[in-house]
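Biologist: Could you take me through how to read a structure like this one, feature by feature, giving the general idea before the particular case?

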Amino acid sequence: MESFSYVIKDPLGIHARPAGMLVKKAGEFSSGLFIEKSGKKADMKRLISVMSLCVKSGDTVTVTASGADEKKACDELKSYFENNL
């Protein structure tokens, strides 16, 4: 299992458009991917699940990957978060 934490810098947080792009990016990996905020966990491959976390700017999220390509998934998703969120 691999994981990383990230503080959201996007002023609007993870609203519909970035959530959709995040789900699309997560879909590129075979590993199980989850995003957690304040004890609530969401499947990163399901749009409604991600949006249900109501992630705002300044919130800290933890991304966890478990599976065959977990290292690659964490590395690429961390880079994605840094460049887009």
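Biologist: How many positive and negative side chains does the chain have, and how far apart do the centres of the two sets lie?

Modeller: One counts each kind of charged side chain and then compares the centres of the two sets; in this chain, which is a predicted model, there are 13 positive and 11 negative side chains, and their centres lie 5 Å apart.

Biologist: Which elements does the chain contain, and in what order do they run from the N terminus on?

Modeller: The elements are listed along the sequence, and here the chain has three helices and four strands, which follow one another from the N terminus as β-α-β-β-α-β-α. The radius of gyration is 11 Å, close to the 12 Å that the globule rule gives for 85 residues, so the chain is as compact as a globular protein of that length. Along the principal axes, the C-alpha atoms fill a box of roughly 35 × 25 × 20 Å.

Biologist: What share of the residues is buried, and what share of the contacts with a separation of 6 or more joins residues 24 or more positions apart?

Modeller: Buried residues make up 41% of the 85 residues, while residues 24 or more positions apart account for 68% of the contacts in the chain with a separation of 6 or more. As for the accessible surface, it comes to about 4700 Å², of which 52% belongs to carbon and sulfur atoms.

Biologist: Now a single residue: is Lys-25 buried or exposed, and why?

Modeller: The relative accessibility is compared with a cut-off, under 20% being buried; Lys-25 has 16% relative accessibility and therefore counts as buried. Lys-25 belongs to helix α1, which covers residues 16-26, and its side chain makes a polar contact with the side chain of Glu-76 at 3.4 Å. If neighbours within four places in sequence are left aside, Lys-25 is in contact with Glu-76, Leu-77 and Tyr-80.

Biologist: And where is Ser-30 placed, and which residues does Ser-30 touch, not counting those up to four places away in sequence?

Modeller: Ser-30 sits in the loop between α1 and β2, the latter being residues 32-37, and with the sequence neighbours up to four places away not counted, Ser-30 touches Lys-45, Ala-68 and Asp-69. Ser-30 counts as exposed because its relative accessibility is 57%, the cut-off for that class being over 50%. A separation in sequence can also be set beside one in space: Ser-30 and Glu-70 are 40 residues apart in sequence, and their C-alpha atoms are 8.3 Å apart in space.

Conventions: Residues are numbered from 1 along each chain as its sequence is written. This is a predicted model: local features need pLDDT of at least 70, side-chain atom pairs count only at pLDDT 80 or more; totals for chains, interfaces and linings use all residues. Side-chain values use heavy atoms; hydrogens and water are left out. Helices (H or I, at least four residues) and strands (E, at least two) are DSSP runs, numbered from the N terminus. The radius of gyration is taken over C-alpha atoms; the globule rule is 2.2 Å times the number of residues to the power 0.38. Buried means under 20% relative accessible area, exposed over 50%, partly exposed in between (1.4 Å probe, protein chains only). Contact means heavy atoms within 4.5 Å. Accessible areas come from the Shrake-Rupley method with a 1.4 Å probe; for residues, only the protein chains shown count as cover. Lys and Arg count as positive and Asp and Glu as negative; His and the chain ends are not counted. The place of a charge is taken as NZ of Lys, CZ of Arg, CG of Asp or CD of Glu. A polar contact is a pair of N or O atoms within 3.5 Å; within protein, one must be able to donate a hydrogen and the other to accept it, and residues adjacent in sequence count only if both atoms are side-chain atoms.
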